[in-house]
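Welcome! Take a moment to look at the sequence and the model, then read on for a guided walk through them.

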Amino acid sequence: MARIVFLALSFLISSAALADRLTKCPVESLNQAEVAAAVAGAPSCAQAYEVMNVCRTNAGGDVALADIVIQQCEKVFLATLEPAASKSYHAARDACVRRFAHQDGSMAASFQATCEAGVAVVFAHRADLAAMRPRGSPYGTLAPTK
């Protein structure tokens, strides 16, 4: 019974979180400078990505918005990234470049930039989760008994 209640509460919480997502750009005019300010003013990396995503026009101007998101996200994790994770981060961004390398036009540039921003969001999220993880055992050190 407790399991069913937990699953129901989890569903309601996740549904409420999805309801809070943006469905339209908060900048009415879609002026590039105003949209860039809205992206830069977002309180978190994930929220900056969300604003960018609902405001993007699938054109070359999206590259600048994605760069803002990437810079905001990299502040969260880049300084503490270990060499192996850094290699993975750059490999994931390179995969975005390769994915759209054979396509021409501003739409492909928008998709590539959005892909790279998504990679940065994932790495920032992982860093946030790692920061919340307790260091060491929550039980302390267990000494052997004699």
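## The overall fold

Helices and strands here are runs assigned by DSSP, numbered from the N terminus; a helix needs at least four residues and a strand at least two. With that in hand, the pattern along the sequence reads α-α-α-α-α-α. In other words, the chain has six helices and zero strands. Keep in mind that this is a predicted model.

The chain has 146 residues, and 25% of them count as buried. About 10000 Å² of the chain is exposed, with carbon and sulfur atoms supplying 61% of that area. How much of the contact comes from residues far along the sequence, 24 or more positions apart? Among contacts with a separation of 6 or more, such pairs account for 71%.

## Helix 2 meets helix 3

Two packed helices can be described by the angle between their axes and the distance between those axes. For helix 2 (residues 32–40) and helix 3 (residues 45–55), the angle is about 155° and the axes are 8 Å apart. Because angles over 145 degrees count as roughly antiparallel, helix 2 is roughly antiparallel to helix 3.

Which residues of the two helices meet? From helix 2 come Val35, Ala38 and Val39, and from helix 3 come Ala48, Val51, Met52 and Cys55. Sorted by class, this contact has seven nonpolar residues, no polar ones and no charged ones.

## The buried side of helix 3

Helix 3 has these buried residues: Cys45, Ala48, Val51, Met52 and Cys55. They lie on the same side of helix 3, because they cover an arc of only 125° around the axis. A bit of helix geometry helps here: an α-helix has 3.6 residues a turn, so residues three or four places apart point the same way.

What do the buried residues of helix 3 pack against? Their partners are helix 2, helix 4 (62–77) and helix 6 (106–132).

## Two buried residues to find

Look for Tyr89 in helix 5 (residues 83–100). Its relative accessibility is 0%, so Tyr89 counts as buried. Leaving out residues up to four places away in sequence, Tyr89 touches Ile70, Glu74, Phe77, Leu78, Leu81, Val119, Ala120 and Phe123. One of these, Leu78, is eleven residues from Tyr89 in sequence, and their C-alpha atoms are 9.4 Å apart in space.

Now move to helix 6, where you will find Glu116. Is Glu116 buried or exposed? With a relative accessible area of 9%, Glu116 is buried. Setting aside neighbours within four places in sequence, Glu116 is in contact with Ile70, Arg93, Cys96 and Val97. Ile70 is thus a name to look for twice, as Tyr89 also touches Ile70.

## Stops in the loops

Loops deserve a visit too. Lys24 lies in the loop between helix 1 (2–19) and helix 2. Lys24 counts as exposed, at 51% relative accessibility. Where in space is Val54, 30 residues away from Lys24 along the chain? The C-alpha atoms of Lys24 and Val54 are separated by 5.7 Å.

Further on, Asn58 sits in the loop between helix 3 and helix 4. Although Asn58 is not a glycine, it has a positive phi of about 55°. Its relative accessibility is 29%, so Asn58 counts as partly exposed.

Key. Residues numbered from 1 in each chain as written. Predicted model: local features only at pLDDT ≥ 70, side-chain atom pairs only at ≥ 80, totals over all residues. Heavy atoms only, no water. Axes fitted to C-alpha atoms, helices over the stretch in contact; angles between N-to-C directions. Parallel < 35°, antiparallel > 145°, perpendicular 65-115°, else oblique. Contact = heavy atoms within 4.5 Å. Nonpolar A, V, L, I, M, F, W, Y, C, P; charged D, E, K, R; others polar. Buried < 20%, exposed > 50% of the residue type's maximum accessible area, 1.4 Å probe, protein only. Areas by Shrake-Rupley, 256 points an atom, 1.4 Å probe, with all protein chains shown as cover. Arc of directions from axis to C-beta.
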